[in-house]
Amino acid sequence: MRSPLRRGLAVLLLALWAGASTGAQIDVVLSDDSPVYADAAQALQEAFSGLASVRLTNLSDPEADRRPGDDTVLLVTIGARALAATLESARRPILGIAVTRSTFERMIRSAEGRQTRQVSTIFLDQPLARQINLVKLLLPGAQRVGVLVAAENAQSAKLLEALADGSGLSVAAEGVGSPQDVYAALKRLLPRSDLLLAIPDPAIYNSTTLHNILLSALRANQPVIATSPSFVRAGALAAVYTTNAQFARQVAAAAQRLIRQGSLPPPEYPREFEIAVNSATAASLGLSPDEAVRLRAQLQAMERER
């Protein structure tokens, strides 16, 4: 049974939501003015249309008023910088997006003891089981999954090893201590793997390193399973990813839970997803993968059977 305080919060939030036209508000805080964050903010505005007013705050604007309004029922942060700034100052429920699991957990540990409100997230990264399933569908002959791992992703690598083992695969991991170590680690890794699975980490996979990583993998005749369609356009074989509209729908559902039950859902992975496949890379590797729509349907079926 919910406590009187929790019930009271739920009633208050529901009243504010029902009276959206009179000022109920969701604040969306952007880490900067990059196009990817702007697109995510637009998707959120569309998802909340008719439900509540949305106020955008951009941390790159020095004159922006970052204080939540009296009618703010939820703060949605886009990117790690926005989440960090909001954790420092806001006293409202917070839901972060565009943040990896490892980054979110590090931030929560740093804020431990200072938490006075609900904080949750929808992780930027995909569930590792979903990525393993994609490997199995695309590359049924692969046995060794290669991963580059930074220190803060060590837990993800261990989980990946357990999931891969249950699927008849093994994981070859190479640690990366700094961005300067990426190529040396990749050189050690590729002879021990059949493919490279990218675990989201901006210190490893970024605009500076991506081209050389993809080129090195292609020269080694190894496909790359990436984390975004931009990686696929650059030459990776495939990626499973979640669109801004899909993230926005999940954010809206989390907000409705906050209003109805007085609590945000616990941190969770994206529920909806898409598949991107680079047909030219597939052909160069001698592969004939299914079309993206079929792959997505197969992945959805595999998750329903779990």
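How do the residues of the lining of the largest pocket divide into nonpolar, polar and charged? Hold that one for a moment.

A caution before the numbers. This is a predicted model, and every value I quote is computed from it.

Start with the whole protein. The secondary structure comes to twelve helices and eleven strands. Along the principal axes, the C-alpha atoms fill a box of roughly 60 × 40 × 35 Å. What about the radius of gyration? The protein has 21 Å, and a compact globule of 306 residues would be near 19 Å, so the two agree. Of the 306 residues, 47% count as buried. Now contacts with a separation of 6 or more. Residues 24 or more positions apart account for 71% of them.

Next, the pocket. The largest one holds about 950 Å³ of space. Its lining has 31 residues. V36, A98, L124, T227 and S228 lie nearest the centre. Which elements contribute? α2 (35-47), α9 (229-234), β10 and α10 (244-261) each supply at least two lining residues. And here is the reply to my opening: the lining divides into 19 nonpolar, nine polar and three charged residues.

Now closed space. Rolling a probe the size of a water molecule over the atoms shows where empty space is left. Here the count is one cavity of 30 Å³ or more. The volume of the largest cavity is about 60 Å³. Look for D125, Q126, L128, Q131, S156, I199, P200 and Y269 in its lining. By class, that lining is four nonpolar, three polar and one charged.

On to the core. In soluble globular proteins, nonpolar side chains tend to be buried together. The largest nonpolar core in this model has 26 residues. Which of them touch the most other members? L138, L195 and I225 do. Several elements each supply at least two residues of this core. The helices are α5 (128-138), α6 (154-166) and α12 (292-304). The strands are β6 (144-150), β8 (195-197) and β10 (238-241). α5 gives the most, with five residues.

Take I225 on screen. Leave out residues up to four places away in sequence. I225 then touches L134, V135 and L138. It also touches L195, L196, L197 and A198. L237 and A238 complete the list.

One element to remember is β10. It supplies at least two residues to the lining of the largest pocket, and at least two to the largest nonpolar core.

That's my tour. Over to you.

Definitions and conventions:
Residues are numbered from 1 along each chain as its sequence is written. This is a predicted model: local features need pLDDT of at least 70, side-chain atom pairs count only at pLDDT 80 or more; totals for chains, interfaces and linings use all residues. Side-chain values use heavy atoms; hydrogens and water are left out. On a 1 Å grid over the protein atoms alone, a cavity is a set of points where a 1.4 Å probe fits but cannot get out, and a pocket is an open set with protein on both sides within 12 Å along at least five of seven lines; lining residues have an atom within 4 Å of a point. Grid points are joined across faces, edges and corners, and a volume is the space filled by probe spheres set on the points. Ala, Val, Leu, Ile, Met, Phe, Trp, Tyr, Cys and Pro count as nonpolar, Asp, Glu, Lys and Arg as charged, and the others, Gly among them, as polar. A nonpolar core is a set of buried Ala, Val, Leu, Ile, Met, Phe, Trp, Tyr and Cys residues joined through side-chain atoms within 4.5 Å. Buried means under 20% relative accessible area, exposed over 50%, partly exposed in between (1.4 Å probe, protein chains only). Helices (H or I, at least four residues) and strands (E, at least two) are DSSP runs, numbered from the N terminus. Contact means heavy atoms within 4.5 Å. The radius of gyration is taken over C-alpha atoms; the globule rule is 2.2 Å times the number of residues to the power 0.38.
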